[in-house]
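Work through the two exercises below with the sequence and the coordinates open beside you, and attempt each task before reading its solution.

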Amino acid sequence: MIEVAPAYGAELADPLRLLEESLRDGKPVPEDFARALREAVEAGHLEVLAARAGGRPVGVAVVSYRLGVSVAGLFASIEDLYVRPDARRQGAGRALLQAVE
């Protein structure tokens, strides 16, 4: 079963590692970027959703929030979405997208 929950503070480490694996060939982001990410999450500008299967991190979605004229309010945009290759086609991506809704 896939469980999706927002990640905050120290919980951001696992989802960030997944993104580094996918988008940066395993190279860690600079510490100042990691700090800025934590601050953006704490301020409510970003939300990081972590998907887990059996307690193991299998996917991540990064959602940003900004004002949208067309909706006359906050607009959510998926900035990054990643599911580990060995966890694909098992519902993690769908669960992340449903959590964004």
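A residue counts as buried when its relative accessible area is under 20%, and as exposed when that value is over 50%. The model is predicted.

**Exercise 1.** Determine which residues of α2 are buried, and establish where on the helix they lie.

*Solution.* Begin with the extent of the helix: α2 covers residues 31–43, and its 13 residues reach 18 Å from the first C-alpha to the last, close to the 18 Å expected at 1.5 Å a residue. Next, apply the cut-off of under 20%, which gives A34, L37, A40 and V41 as the buried residues of α2. Viewed down the axis of α2, these buried residues fall within an arc of 120°, and therefore they line one face of the helix. The face turned away from that buried side carries D32 and E42, which are exposed. Finally, look for what covers the buried residues of α2: the cover includes β1 (2–7), α1 (13–23) and β2 (46–53).

**Exercise 2.** Work out the strand order of the sheet, and state which helices pack on the sheet.

*Solution.* The 4 strands form an open sheet in the order β1-β2-β3-β4, with antiparallel pairing. The edge strands are β1 and β4 (73–83), each of which pairs on one side only. Between β1 and β2, the antiparallel pairing runs over 6 bridges, and the bridge partner of E3 is R52 in β2. Turning to the helices, α1 packs on the sheet and touches β1, β2, β3 (56–68) and β4, its direction making about 90° with that of β3. Helix α3 (residues 92–100) also packs on the sheet, touching β1, β2, β3 and β4, and its direction makes about 165° with that of β4.

Methods:
Residues numbered from 1 in each chain as written. Predicted model: local features only at pLDDT ≥ 70, side-chain atom pairs only at ≥ 80, totals over all residues. Heavy atoms only, no water. Helix = DSSP H or I, 4+ residues; strand = E, 2+ residues; numbered from the N terminus. Expected span 1.5 Å × (residues − 1). Buried < 20%, exposed > 50% of the residue type's maximum accessible area, 1.4 Å probe, protein only. Arc of directions from axis to C-beta. Contact = heavy atoms within 4.5 Å. Pairing = 2+ DSSP bridges. Axes fitted to C-alpha atoms, helices over the stretch in contact; angles between N-to-C directions.
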